[in-house]
Amino acid sequence: MPPSAVQNYGLYHLSCVLLVLLTLSASVMGQTCMNYGETSPSNASTCLCPPGFGGATCAQPGCGGTIFDGSNRSLAQPSASSPGFANLTASNCTCESGWGGVGCNVCTTASACQVAYAAVNGNASAISGLNGLAGLNDTMVCNTAPTVWAASELSCQVNNPTLEALYPLRSTLNILRTLNGSLSPLHNTSGTLLSLSNSSSIYAQLMYAGVEQFFCTASPCTQTLSSSTTSSGNTASSTWTCQNLSCSCIQNATFCGGVPASNLTNTIGGLTGTLIVACDSTNTCHFQQNTINAVFGSQGLSMEGCVFGECVTQAVIDTTNATSSAAAASGGTKLSGGVIAGLAVVGAIIAFGLAVVVWGWYVQRAAKKLPFNGGQSGGISVRWSDISYIVQLSKNSPSSLIAKSTIQGGKTILDNVSGSIESGQLMAILGPSGAGKTTLVELIAGKSKSGQYTGSITFPPYSPGHHPRVAFVPQNDILPSMLTVREALTFAASLRLPEALPASSKAALVSTVISKLGLDGIAETRIGATDGTGRGISGGEARRVSIGLELVSCPDVLVCDEPTSGLDSVSAFRVINVLKELAREGGAAISHQGSHGHRKGVAVICSVHQPSSRLYHTFDSVHLLSNGRTLYSGPGGLAPAQYFMRMREGGGAGADVLPHEEGYNVADYLLDIASESPDIPSMSLGINAVGEIGPSVSSEEKADRGKDVEALSTQNLAPSMYATTYLTQLQVLCGREWKVLRRDKALFFTHVCVACVLGIFCGGLYYQTGSTIAGFQARVGCLFFMGSLIAFSSLSALYNIVEIRPLFLRERSNWYYSPTAWLLSRLIFDVIPLRIIPAIIVCTITYWMAGLAHDGVHFFKFLLVIVLYTLVMTLFNFLLGTLFRNGGIAILLSALSALYQMTYAGFFVHLASIPPVLRWLQWLCPLKYMLEAISVNEIGSGLMINDTLQGVPVNVSATLIMQLLFGFGLNNYYRDILVLFAFIAGLGVSVIAVVWLRVRERR
């Protein structure tokens, strides 16, 4: 729309809306008596009128005389300039001495009240017949303060630039405030009505150029005194709050049809609800009502040059002064229902959090008091029988981004594989690439697989379906890069060993593992990135650290996937020797306490790619795979070669077996057979290398193992439980996150510095925005810019989740901690320092540079919205990062969602102009609620628009412009806060659900 058209549109409609809401007068349509007069009980043809009005229908204002004259008072007459309407200006009405205000209804001196009262009532006392006042001082005084003792007249000038530009003549608002009509000397005045049904009330009339335009009434009312009482009994200010507001136009008056293009009859008649009249000692009053506040600001319509006058006896002041003063002193600002509800919710959340902490502390303390079995482990064999594993081939589909792909067929990875290993033995699983070594060790370790699995894996003497503690060392090293070697091992020991074990014992265990693995020289060195992108330990050292992470848990069974990969021959031999020692002595090999107890060997299974001859002869048994089939499973050393030589000599299918040359590496020989002789029949379970049934277990050993299993079942943790309590998990995780944040100073300070630069840039861009219409649009643009900045900057949270996802998967699969404990630690040490603090910095700098609402209340309400919206966007990106395995897809969707929010925030497109088929999308847009809340908060500070349109001054509340341009609701701040809280709760629950259900290790 062109600027000139905007100006014309604003000029015309502002004049219509503003003026309507500006003035208030009273009259019930269809009644005989105007100005809310009542039919006289003694004469149905006459009306009892409010003070200052008279005539047959109470339509004529008084002209001269005093309010004590009642029905005998002279009245203003119609004039040629205002046909049909009584005109005070044209009637040349003059006030008697001691009286003022438009209509001469406001007393200015005590003598004026005394003379006027005596002229009508003679020497009669004004307090005669009033209970409790007999014998008291009945001297008549004139109360010229805002406080009302009985019934007070008020007359103010309505000075508004916009109103004066459209209606240049004089506008005056007369108000009668009646607190207790029976205490006023006017209550016996003939033809006078102070209030309906003798209740507290307000009568108001707007006079324009001496002609009444419309009138209002409201009842009942309460008076609030906001300052101390003066020596004369008058307070510095008072606020009247009245209910049941009702307004009526005088037909064909200037405001009510006299100018057909701006007929405000229906608008004025629609003014209802609560009316507030607040007056202070500076002769200024504010006329407040919801619709009026929307036009003129939160303070309502300002009236200046107000004069107050109330004829009242000193007895009334003396008897009510003490009560009023006590009420003013004991009274205070009451909290609104929304604030009370908000405080209740916050208090409930804090109480719940404290209760959880206390409960966690109690559980943690109880766990530390449990007896500890000395860290014994081992004594468990492993048997697998007829293991088959088929991986499902798939075709790409959009659903494969977050779920399994569509099944097309299957490929057999393992085909009826069988084997066993006794406790105390070290087994090597050999085979060429693609033979199924990794799949077999992962199945033995109980890892979640995406294919179909059949067969059985048992752990004697455990009964089927029960599992011991099985530790698994993956082929890839996934380690916390910012921790040292000792810190990483201590972290694992703190979470994987029972809390009953003292911290000193855990530290000693870590030191032993470091020494056994030859890591003493790098124990205090940061691990660094294991992919070679950052400085730290070498790949071979990282391999040993990965093994150490599993050794500190004192497992019953240890499964390693190629533990010697990336190691030189010396390091590889050292690692295998440690595993050999662990297999022989169990926990005694690494635990300083285990040497005093019963030693039980640990079954150690390793997949080995191509071991040297020296390394090969370290293994007690060998399992040879070829194309997913078991070619051999039995003792190591020369036994496999002898087995295949006998097969070759036996002829048949074994005739094609390659011969073994003396001195040739047996491991290489077995790999040659697996690669070049794939048709050799599989070896049956229970047949050893010499063709005999495998060794049986004696009844004595069975009984001994049965005792071990009973001890394990009562003292060791089940595999589906965590070794530590939730509070301990949170403490250890927070400790690690704090170390990472403290050491990665560049990450934190980069966020802070970038926030400062962006804050200065944004603040400079919108520096000290004015109070014009264009300035207001710039204010909302500034708020919109901050919201959009938060939406896009939260993308870093998504990248962070994608980056640390592999480490979380490894640690969760090994039962380090609960996912909720991990999420809470991320909230404390990632969301707060890297998301919320930078957002507060950039918005605070921008807020004060842009000259937004400069009081503390509105600033902190603004920050509350910013923090809530930051949490919403961070949790949303957490959800995308956990829901999608592909980080690029998650980032793309996050960016698109930010653009969607910018579209439906209400800044670029007025929400009411969006087609209904798409309009509902606004309710799913967090940025809309954020922008609306901070815009309403800014308007709530009393922001007024001071501008000029085509030479016409505009002085209106920014609320009207906000509603016209953006369609935001004036009272929607707390609603938007609750909606943002709902977003946080919903996204938080969704993130927890996705992490629990979907973010799992699947191999």
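**Side-chain pairing in the predicted model**

In this predicted model, Asp620 has a relative accessible area of 21% and is therefore partly exposed, since a residue counts as buried only under 20% and as exposed only over 50%. Lys580, by contrast, has a relative accessible area of 17% and is therefore buried. The two residues form a salt bridge, in which the closest N and O atoms are 2.4 Å apart. This pair links distant parts of the chain, because Asp620 lies in the loop between α14 (613-616) and β27 (621-626), whereas Lys580 belongs to helix α13 (residues 569-585), with their positions 40 residues apart in the numbering. Side chains of opposite charge can pair when their charged atoms come close.

The loop between α14 and β27 also holds Thr618, which, with a relative accessibility of 9%, counts as buried. The side chain of Thr618 reaches the backbone oxygen of Arg614 at 3.2 Å. When residues up to four places away in sequence are left aside, Thr618 touches Leu426, Phe573, Ile576, Asn577 and Lys580. Two of the residues named here are also related to one another, for Arg614 lies over the face of Phe573, at 3.5 Å from the ring centre. A further arrangement of this kind places Lys928 over the face of Tyr929, at 4.7 Å from the ring centre.

Across the structure there are 20 salt bridges, and among them is the one between the side chains of Glu938 and Arg779, which meet at 2.7 Å, N to O. This pair links distant parts of the chain, with Glu938 in helix α26 (residues 926-939) and Arg779 in helix α20 (residues 773-793), 159 residues apart. Both Glu938 and Arg779 are buried.

Helix α26 also contains Glu932, which forms a salt bridge with Arg975 of helix α28 (residues 973-997). In this salt bridge the closest N and O atoms are 2.8 Å apart, and the partners, 43 residues apart, again link distant parts of the chain. Their accessibility is not alike: Glu932 has a relative accessible area of 2% and is therefore buried, whereas Arg975, at 31%, counts as partly exposed. Elsewhere, salt bridges link Glu737, Arg826, Asp830 and Arg835 in a network.

Aromatic side chains were examined in a similar way, and a search of the whole structure finds 29 aromatic pairs. One of these is formed by Phe68 and Trp99, whose rings lie 6.5 Å apart, centre to centre, with 75° between the planes, so that the pair is edge-to-face. Phe68 lies in the loop between β4 (60-61) and β5 (78-79), while Trp99 belongs to strand β7 (residues 99-100), and the pair thereby links distant parts of the chain, 31 residues apart. Phe68 and Trp99 are both buried.

The pair formed by Phe966 and Phe968 has another geometry: the ring centres are 5.7 Å apart and the planes meet at 20°, so the pair is stacked. Phe966, at 3% relative accessibility, counts as buried, and Phe968 counts as buried at 2%. Phe966 and Phe968 take part in a wider arrangement, in which ring pairs link them with Phe776, Phe784, Phe907 and Phe908 into a cluster.

Key. Residues numbered from 1 in each chain as written. Predicted model: local features only at pLDDT ≥ 70, side-chain atom pairs only at ≥ 80, totals over all residues. Heavy atoms only, no water. Phe/Tyr/Trp six-rings, centres within 6.5 Å; stacked < 30°, edge-to-face > 60°. Helix = DSSP H or I, 4+ residues; strand = E, 2+ residues; numbered from the N terminus. Buried < 20%, exposed > 50% of the residue type's maximum accessible area, 1.4 Å probe, protein only. Lys NZ or Arg CZ within 6 Å of the ring centre and 35° of its normal. Salt bridge = Lys/Arg side-chain N within 4 Å of Asp/Glu carboxyl O. Polar contact = N/O pair within 3.5 Å; in protein donor to acceptor, adjacent residues only side chain to side chain. Contact = heavy atoms within 4.5 Å.
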